[in-house]
Amino acid sequence: MTVDALTDVMGLRVGHATRVGDGRLTGTTVVLAPEGGAVAAVDVRGGGPGTKETDALDPRNVVRKVEAVVLTGGSAYGLDAASGVMAWLEEQRRGVRVGADPAHVVPVVPAACVFDLGRGGDFRARPDAATGRAAVEAAAASPPGAPVPQGCVGAGTGAVVGALKGGVGTASTVLDTGVTVAALVVVNAVGSAVDPETGVLYGELSGGRVVYPEPRVHEAARRRVAESAARNALPPLNTTLAVVATDADLSKAQAQKLAGTAHDGIARAVRPVHLLNDGDTVFALATGARPLGDHDEDPLALNAVLAAGADLVTRAIVRAVRAAEPVDGPGGAWPSYEELYGARSGRP
């Protein structure tokens, strides 16, 4: 049984730590790999990224597998959340062995952040090592194949997309070969997820049946968005993050190709994308549980995984925007898409 989430890639677990109230509107999300790690890669396209340990994922470098990936709010300050995950992994003796003693490990924990500073009212309220530890403990405590909470949770707690509330979304599929591909996205973009002429989500235009809102509903939504945006004084410093995963047996180079093509899924759902004040980053994880195929017999077997990865990022973005809840507080006001347009059919 699948749950249409990143956790459909067997062995992967997702944990959120959400921090709201008392000036906070932020959090951290951890993707925990199976023990022994997963092949990992990254592709950074945004002009203002905030990352940690991404150089280790270069296919030319020695580290092949990682035990966890951290997505966090708090801009560069929030990268401290990875320290809490690293400490937890060390206690579990999970990481790169650097000595004869099994306790002598160095966990490599790639991380990327979104800008959400001040959105809860307190600029200094951001994730720290304790937040990261809470998120990885939540992931470890979750059962295999558990549903993943979506919307304003974890790293998506303070996320916004254009003038609307953003959040976390996830989706998965099983290819004809039996290979599973899945994505989890934190949608926090300078660009918009909504076609300004029609009110339809860009991500819904790329596939499926589209139901257009009535003109009066769209016009009322545009007025509401403009009013809320006028109240928000914080700069549009954002970032969309994603983890695309598969149970296929991929090399680091193949995983890096998956991370790169998955950015197409962001571009279909958010416009414009990859700006200088975005930090758009996609991680790829491959658990290696299933053979991709005989390269000599089918050198293009990876194509199906690449295409699915991009499609799932788009679907996950749509789900994140639809699952988001409105915020109106001391740090600003961001209506939600569902609040403005209501639930309509045709969603992915």
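Q: In what order do the 6 strands of the open sheet that includes β14 stand?
A: In this predicted model, the 6 strands make an open sheet whose pairing is mixed. Its edges are β5 (65-66) and β12 (167-174), each of which pairs on one side only. Read from one edge to the other, the order is β5-β3-β15-β14-β13-β12.

Q: How many bridges join β12 to β13, and in which sense do the two strands pair?
A: Strand β13 covers residues 180-187, and the hairpin that it forms with β12 has 5 residues between the strands, where Gly178 takes a positive phi near 95 degrees. Within the ladder, Val174 stands opposite Thr180, while Thr173 stands opposite Val181. The pairing of β12 with β13 is antiparallel, over 8 bridges.

Q: Which residue of β14 is the bridge partner of Val181?
A: Val181 lies in β13, where it faces Thr173. Strand β13 also pairs with β14, the two running antiparallel and joined by 6 bridges. On the β14 side, the bridge partner of Val181 is Thr246.

Q: Which residues of β13 are buried on each of its faces?
A: In a regular strand the side chains alternate between the two faces of the sheet. Strand β13 is mostly covered, with 8 of its 8 residues buried, and both of its faces are covered. The buried residues are Thr180, Ala182, Leu184 and Val186 on one side, and on the other Val181, Ala183, Val185 and Val187.

Q: At about what angle to β3 does helix α5 run?
A: Helix α5, residues 252-269, lies across three strands, namely β3 (38-44), β14 (241-248) and β15 (281-290). The helix has 18 residues and spans 27 Å from its first C-alpha to its last, close to the 26 Å expected at 1.5 Å a residue. Relative to β3, its direction is at about 45 degrees.

Q: Which elements do the buried residues of α5 pack against?
A: An α-helix has 3.6 residues a turn, so residues three or four places apart point the same way. In α5 the buried residues include Ala255, Leu258, Ala262 and Ile266. The buried residues of this helix pack against β3, α3 (202-205), β14, β15 and α6 (302-323).

Q: What distance separates the C-alpha atoms of Val44 and Thr281?
A: Val44 is found in strand β3, and its relative accessible area of 34% makes it partly exposed. Leaving aside neighbours within four places in sequence, Val44 is in contact with Pro49, His263, Asp280 and Thr281. Although Val44 and Thr281 are 237 residues apart along the chain, their C-alpha atoms are separated by 4.4 Å.

Q: Which strands stand at the edges of the open sheet of 5 strands?
A: This sheet has mixed pairing and the order β1-β2-β6-β9-β4. The edge strands each have a single partner, so one side of each is left without a neighbour in the sheet. They are β1 (13-21) and β4 (51-52).

Q: Which residue of β9 stands opposite Thr72?
A: Strand β6 (residues 68-72) and strand β9 (residues 111-113) run parallel and are joined by 3 bridges. Helix α1 (residues 81-91) lies across both of them as well as β2 (24-32) and β4, running at about 155 degrees to β6. Opposite Thr72, in β9, stands Cys113.

Q: Why is Cys113 not in a disulfide with Cys152?
A: A disulfide is a covalent bond between the sulfur atoms of two cysteines. Cys113 is buried, at 6% relative accessibility, but the count of disulfides comes to 0. The closest cysteine sulfur to that of Cys113 is in Cys152, and it is too far for a bond because the separation is 19 Å.

Q: Is Thr157 buried or exposed?
A: Thr157 is found in the loop between α2 and β10, where its side chain reaches the backbone oxygen of Gly154 at 2.7 Å. Not counting residues up to four places away in sequence, Thr157 touches Thr18, Arg19, Val20, Leu25, Thr26, Gly27, Cys152 and Lys165. With a relative accessible area of 1%, Thr157 is buried.

Q: Is Pro143 buried or exposed?
A: Pro143 is found in the loop between α2 (129-141) and β10 (160-161). Its C-alpha atom is separated by 30 Å from that of Pro326, which is 183 residues apart from Pro143 along the chain. Because its relative accessibility is 52%, Pro143 counts as exposed.

Definitions and conventions:
Residues are numbered from 1 along each chain as its sequence is written. This is a predicted model: local features need pLDDT of at least 70, side-chain atom pairs count only at pLDDT 80 or more; totals for chains, interfaces and linings use all residues. Side-chain values use heavy atoms; hydrogens and water are left out. Two strands pair if DSSP finds at least two bridges between them. Helices (H or I, at least four residues) and strands (E, at least two) are DSSP runs, numbered from the N terminus. Contact means heavy atoms within 4.5 Å. Axes are lines fitted to C-alpha atoms, for helices over the stretch in contact, and angles run from 0 to 180 degrees between N-to-C directions. A disulfide is a pair of cysteine sulfur atoms within 2.5 Å. Buried means under 20% relative accessible area, exposed over 50%, partly exposed in between (1.4 Å probe, protein chains only). The expected span of a helix is 1.5 Å times one less than its number of residues. A polar contact is a pair of N or O atoms within 3.5 Å; within protein, one must be able to donate a hydrogen and the other to accept it, and residues adjacent in sequence count only if both atoms are side-chain atoms.
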